[in-house]
Amino acid sequence: TDFEYGICGFQCGFLDDRIHHTRILENVLSFVGKMGTKRANSDVKNHEKSKKAKILDFSAHPKRKIAIQFFYLGWEHDGLVQQPNTKNTVEHHLMEALLKTKIVEDWLKCDFSRCGRTDKGVSAFRQTAAFVARSTYPTDPNVFWDDSTPEDVRNSYKSKEEELPYIKMLNGVLPKSIRVFAWAPVGQNFNARFDCNRRTYKYSFPKAGLNLEKMREAAQLLIGEHDFSNFCQIDMNEKRLEQSYTRKVYDVTVEQVSTHSENVLQEIARGNEEPSLVSDLLNLSKYPSRPHYTLSSDTPLCLFDCGYKTEDVEWKIHEPTMKSTVSGLQKTWATYQTRSRMMENMIGELTQMTSSSWDSEEDVTRGLHEFVQDRPIPTSYCKFEKRQMCESLEVKKRKMLVKKEEKEKMNGN
């Protein structure tokens with residue numbers, strides 16, 4: 001009787017003698033086990049050698065402060081900044097990439113800074129981060145050594161003709177939704193956040209019958225230096241309560257970019273509010289706190305650019321990597337565009353099939369409005385001036401202070 005034993009690809013034929021059958025099977029298993037043991041021991045030794053070979057003495061290499069420009073697709077991640085409850089943040093992936101490529105030795109000791117924080121779902125294009133990186137080019141004036149590195153190590157270091165290919169190295173291990181496309185040597189005191197002198201945001205949304213002229217009129221009222229606390233959802237967090245909400249807006253434009261913001265601007269564009277609502281909300285004597293309204297969807301928002309003085313940052317790119325980055329982004333764009341076109345055709349057909357039952361233009365575009373406003377559209381609209389008010393920033397600060405004092409008393413007792 002033939003007997004198949006599917007281990008290690010062996011096919012063994014056995015006689016019908018059970019004792020002989022058992023002994024042969026034992027011998028085969030013993031032989032296979034010995035082979036596996038030898039192979040396992042060999043793999044362990046090779047792995048140990050490999051691990052030893054990968055150890056890098058960072059003190060034997062020079063360092064430099066660099067800045068990188070990168071983009072990420074926000075809907076693929078749980079925000080930019082690292083969080084204790086998820087590993088799917090942009091910074092976590094970036095940290096893993098920097099450590100894996102041995103560009104940095106220790107995340108906590110590389111003087112990391114980022115330009116603008118973005119929440120879950122929000123994308124960025126020219127997002128900027130800075131950190132101290134390993135270098136192979138000690139003759140560059142911006143490159144330095146650790147104080148602990150002996151003089152003979154510095155003098156005997158074999159300098160490379162070119163710097164490490166930071167962009168290529170990082171993109172080789174980062175997810176496709178995160179791509180580095182430029183780097184720059186910067187001074188040791190450079191900070192990606194505090195040295196930034198401007199940020200540009202873009203918010204893309206379906207037109208859906210909105211009155212763009214009214215939206216433009218309202219958007220112009222945002223220009224200038226204002227306290228934007230009535231446009232924010234302020235959590236009961238000490239840092240959030242103590243920070244300033246005064247910002248200076250230099251320009252706002254509303255453009256139709258295809259034939260196909262703020263919730264406040266949406267309501268104005270839908271005709272539910274007047275453009276003067278923006279001025280009213282910026283006037284804290286008229287609106288000392290924010291009326292109840294939901295903030296717009298985060299998916300259409302993109303931190304598009306972070307600006308710096310030209311003397312502080314001179315960006316460098318790697319042409320082959322840039323070409324592959326563009327190609328990869330085109331594939332992603334084509335995927336979404338194709339799906340979008342399919343759904344647009346379906347929507348068109350379904351709308352025509354029920355054309356007699358639509359009450360108004362807004363009824364036809366309801367889903368588009370609900371996407372931007374991130375909530376169902378109510379059957380009846382309540383004006384901002386008649387809405388209940390959220391707690392003001394001052395009230396929240398007082399509550400936080402009381403909570404803090406109670407906690408100190410409990411700890412004292």
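Val 81 touches Thr 89, Glu 91, Arg 114 and Arg 117, leaving out residues up to four places away in sequence. The model is a predicted one. Val 81 sits in the loop between S1 and H2. With a relative accessible area of 14%, Val 81 is buried, because buried means under 20%. Arg 117 is 36 residues away along the chain, yet the C-alpha atoms of Val 81 and Arg 117 are separated by 6.8 Å.

**The chain as a whole**

The chain has 413 residues, and 36% of them count as buried. Its elements are 12 helices and eight strands. About 26,500 Å² of the chain is exposed. Carbon and sulfur atoms supply 51% of that area.

**Helix H2**

Glu 91, one of the contacts of Val 81, is also one of the buried residues of H2. This helix is mostly covered, with eight of its 11 residues buried. Which residues of H2 are buried? They are Val 90, Glu 91, His 92, His 93, Leu 94, Met 95, Ala 97 and Leu 98. The cover over them includes S1, strand S2 (113-114), S3, H4 and S4. Just after H2 comes Lys 102, which takes a positive phi of about 60°.

**The nonpolar cores**

The largest nonpolar core holds 40 residues. Ile 68, Phe 70, Ile 103 and Phe 131 touch the most other members. Several elements give two or more residues to this core: strand S1 (63-72), helix H2 (90-100), strand S3 (123-134), helix H4 (166-171), strand S4 (178-185) and strand S8 (301-307). Another core lies apart from it, with 21 residues. Leu 210, Ala 218, Leu 281 and Phe 384 are among them.

Phe 70 shows how parts of the chain meet. Setting aside neighbours within four places in sequence, Phe 70 is in contact with Val 90 and Leu 94. Both of these are buried residues of H2. Phe 70 also contacts Ala 124, Phe 125, Arg 126, Gln 127, Thr 128 and Ala 129. Ile 178, Arg 179, Val 180 and Phe 181 complete the list of its contacts.

**Salt bridges**

Side chains of opposite charge can pair when their charged atoms come close. A search of the whole structure finds 16 salt bridges. Three are set out here, with their N to O distances.

| Pair | N to O distance | Burial |
|---|---|---|
| Arg 64 and Glu 163 | 2.6 Å | Arg 64 buried, Glu 163 buried |
| Arg 216 and Glu 213 | 2.6 Å | Arg 216 partly exposed, Glu 213 exposed |
| Arg 270 and Glu 267 | 3.1 Å | Arg 270 buried, Glu 267 buried |

Take the pair of Arg 64 and Glu 163. Arg 64 lies in strand S1, and Glu 163 in the loop between helix H3 (151-156) and H4, so the pair ties together parts that are 99 residues apart in sequence. Arg 64 has 2% relative accessibility, and Glu 163 has 14%. Asp 140 joins Arg 64 and Glu 163 in a network of salt bridges.

The pair of Arg 216 and Glu 213 is set within one helix. These residues are three apart in helix H5 (residues 212-220), so about one helical turn separates them. Arg 216 has 28% relative accessibility. Glu 213 has a relative accessible area of 55%.

**Cysteines**

A disulfide is a covalent bond between the sulfur atoms of two cysteines. How many disulfides are counted here? The count comes to zero. Cys 110 is buried, with a relative accessible area of 2%. Cys 390 is buried too, at 17%.

**Helix H9 and its surface patch**

Helix H9 covers residues 319-353. Met 342 is found in this helix. Met 342 also belongs to a nonpolar patch on the surface, along with Met 343, Met 346, Ile 347, Leu 350 and Met 353. Together these residues have about 690 Å² of accessible area.

Thr 351 also has its place in H9. Is Thr 351 buried or partly exposed? Thr 351 is partly exposed, because its relative accessible area is 21% and buried means under 20%. Thr 351 and Val 364 are 13 residues apart in sequence. In space, they are 7.6 Å apart, C-alpha to C-alpha.

Conventions:
Residues numbered from 1 in each chain as written. Predicted model: local features only at pLDDT ≥ 70, side-chain atom pairs only at ≥ 80, totals over all residues. Heavy atoms only, no water. Core = buried A, V, L, I, M, F, W, Y, C linked by side-chain atoms within 4.5 Å. Buried < 20%, exposed > 50% of the residue type's maximum accessible area, 1.4 Å probe, protein only. Helix = DSSP H or I, 4+ residues; strand = E, 2+ residues; numbered from the N terminus. Contact = heavy atoms within 4.5 Å. Patch = residues over 30% accessible without salt bridge, like charges linked within 9 Å, V, L, I, M, F, W, Y side chains within 5 Å. Areas by Shrake-Rupley, 256 points an atom, 1.4 Å probe, with all protein chains shown as cover. Salt bridge = Lys/Arg side-chain N within 4 Å of Asp/Glu carboxyl O. Disulfide = S-S within 2.5 Å.
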